[in-house]
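Reader: I should be grateful for a close look at a single part of this model, described step by step and then set in its surroundings. Which part would you choose, and what can be said about it?

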Amino acid sequence: MIAAIGLVIGVIAGLVLQPTVPVALQPYLPIAVVAALDALFGGLRAKLDGLFDDKVFLVSFLSNVVVAAFIVFLGDQLGVGAQLSTAVVVVLGIRIFSNAAAIRRHLFKA
Amino acid sequence: MTAPTGQPVRRRPDESMTLLVEVMEKPLDPGYAEEAERRAEAARAGRPTGRRGLSVVLLLLLAALLGLLTMSAALQLRAPQAEVAAAREVLENQIVDRRGEVDTLQARSVALSDEIEELQHTALASEDPGLLQTLQRDGVVSGSAAVSGPGLVVSLSDGDAAQSESDPDASARVRDADVQTVVNALWAAGAEAISVDDQRLTSLSAIRNAGDAILVDLVPLPGPTYAIRAIGDPDDLQTAYARSGAPAYLQLLGSRYGIRSSVTPQSDLSLPGVGNQTLRYASPSGAGDSSQPGDDAQEAPQSTRESTSPGTSQGTSSSDTEEERS
């Protein structure tokens, strides 16, 4: 509950303030957003499973975003940035899909 | 292992793909389960499970921060790249500016050559009428002077397929080779002066494609209809033109690509002149200097230009464009 309220506050603040992301961080934004989506779906599923916990959700959210961005950064340094981005997107994408499927089963019983 | 003995351990057929199995079957962070376990244990032990003030505030702050981060990232990704738009605008402005500059310079050039002509006229009319006549005739032949007279108008229009909004068909456009064919046929039919969409053809003219546009002397023609005006005896022109290969070629274009064409005789056509043209390298040969006998072939004197005119608009890659179309 706290996490949801905080996220909503943050989103509204972002819409109002329109902060600019430093140019150096911009290559990692797409991956960070995908990681955030993964955490969001995971949280929603946990909520429906009755396992939701604010701390776990927020920590997994933060670490997801940071680790995903870091992997891409590392890939860029090693010259395999595009390939590692693909790997991250594939793994996170599968997770998002399965979580979404679990959510669907919860909501529609189908 | 701790598997009960006597009973063979059932191995999963997809055991070698543990990574994928892990991702597919346990997408939920195991942390959630652990935390739930811990809470259940705390409840059994009778400890309070709720959070205290400080951690609530911390979590709220972290959540707000993450929300802000994600939102700003999403906004950043959705916004059009400001630099790209700005650069585009700068280029557009430059194009408009330069085009205006070209227009003014062209107008100035025309005005100045008019002035030159007028001055020549007044100066020569009294001193050397014969030379004035020669000059005027040369001006007509070389295309530097505006001319008028009866003639023929051949117009070509892009096919309908080229204009369709959704899927324009490039092969339905009129191409440089088509205009070249008509122009060459008209020269061969005895035209004395030809203009394509108000661009007078001279001995230095080229008709070519640049992207989708047809350029005559580096000036792009607006299309989709191209009017080729030729001055000459309308009847003779029409007969000779009809005998050339051009009408059959245009008919083929019409049936295959929907390119429309028409030929209309006109009793009065006026073609613009292009003003004085500067030749930087070519100079008359044989004028008091007979040491370069071989130059005659390359440097045709002014008076023989008439015969070379038909060939000049042909010197482009018509065969290339033909291949492109087919």
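**A helix pair and its surroundings**

Author: In this predicted model, the crossing of α3(A) past α4(A) is right-handed. Helix α3 of chain A covers residues 54-78 and helix α4 of chain A covers residues 81-108. Their axes lie 7 Å apart, and the packing angle is about 155°. Because angles over 145 degrees count as roughly antiparallel, α3(A) is roughly antiparallel to α4(A).

The contact can be followed residue by residue. On the side of α3(A), the participants are Ala68(A), Ile71(A), Val72(A), Gly75(A) and Asp76(A). They meet Gly81(A), Gln83(A), Leu84(A), Ser85(A) and Val88(A) of α4(A). By class, the residues of this contact comprise five nonpolar, four polar and one charged.

The pair belongs to a chain that has four helices and zero strands; read along the sequence, the pattern of chain A is α-α-α-α. Of the 110 residues in chain A, 35% are buried. Among contacts in chain A with a separation of 6 or more, 70% join residues 24 or more positions apart.

Both helices of the pair also take part in the meeting of the chains. In that interface, 39 residues of chain A are in contact with 28 residues of chain B. On the side of chain A, two or more residues come from each of α1 (2-17), α2 (29-49), α3 and α4. The most come from α1(A), which gives 12 residues. This side of chain A contains 25 nonpolar, nine polar and five charged residues.

Chain B, the partner, contains sheets. One is an open sheet of five strands, in the order β3-β2-β7-β1-β8 (chain B), with antiparallel pairing. Its edges are β3 (199-200) and β8 (260-271) of chain B, each of which pairs on one side only. Within this sheet, β2 (residues 193-196) and β7 (residues 225-231) of chain B are joined in the antiparallel sense by four bridges; Ala193(B) has Ile231(B) in β7(B) as its bridge partner. Helix α8 of chain B, residues 234-243, packs on this sheet and touches β1 (147-157), β7 and β8 of chain B. The direction of α8(B) makes about 35° with that of β1(B).

One residue of the edge strand β8 of chain B may serve as an example: Val263(B). Val263(B) is partly exposed, because 17 other C-beta atoms lie within 10 Å, and a residue needs 20 or more to count as buried. Leaving aside residues up to four places away in sequence, Val263(B) touches Leu152(B), Val154(B) and Gln238(B). Its C-alpha atom is 9.5 Å from that of Ile228(B), a residue 35 places away along the chain.

There is also an open sheet of three strands in chain B, ordered β4-β5-β6 and paired in the antiparallel sense. Here the edge strands are β4 (207-210) and β6 (219-220) of chain B. Strand β5 (residues 213-216) of chain B pairs with β6(B) over two bridges, and the bridge partner of Val216(B) in β6(B) is Val219(B). Helix α7 of chain B, residues 176-188, lies across β4 and β5 of chain B and runs at about 170° to β4(B).

Methods. Residues are numbered from 1 along each chain as its sequence is written. Chains are lettered from A and ligands numbered from 1 in the order in which they are written. This is a predicted model: local features need pLDDT of at least 70, side-chain atom pairs count only at pLDDT 80 or more; totals for chains, interfaces and linings use all residues. Two strands pair if DSSP finds at least two bridges between them. Two residues are in contact if their C-beta atoms, placed from the backbone, lie within 7 Å. Axes are lines fitted to C-alpha atoms, for helices over the stretch in contact, and angles run from 0 to 180 degrees between N-to-C directions. Angles under 35 degrees count as roughly parallel, over 145 as roughly antiparallel, 65 to 115 as roughly perpendicular and the rest as oblique. A crossing is left-handed if the near helix is turned anticlockwise from the far one by less than a right angle, and right-handed if clockwise. Ala, Val, Leu, Ile, Met, Phe, Trp, Tyr, Cys and Pro count as nonpolar, Asp, Glu, Lys and Arg as charged, and the others, Gly among them, as polar. A residue is buried if 20 or more other C-beta atoms lie within 10 Å of its own, exposed if 12 or fewer, and partly exposed in between; C-beta atoms are placed from the backbone.
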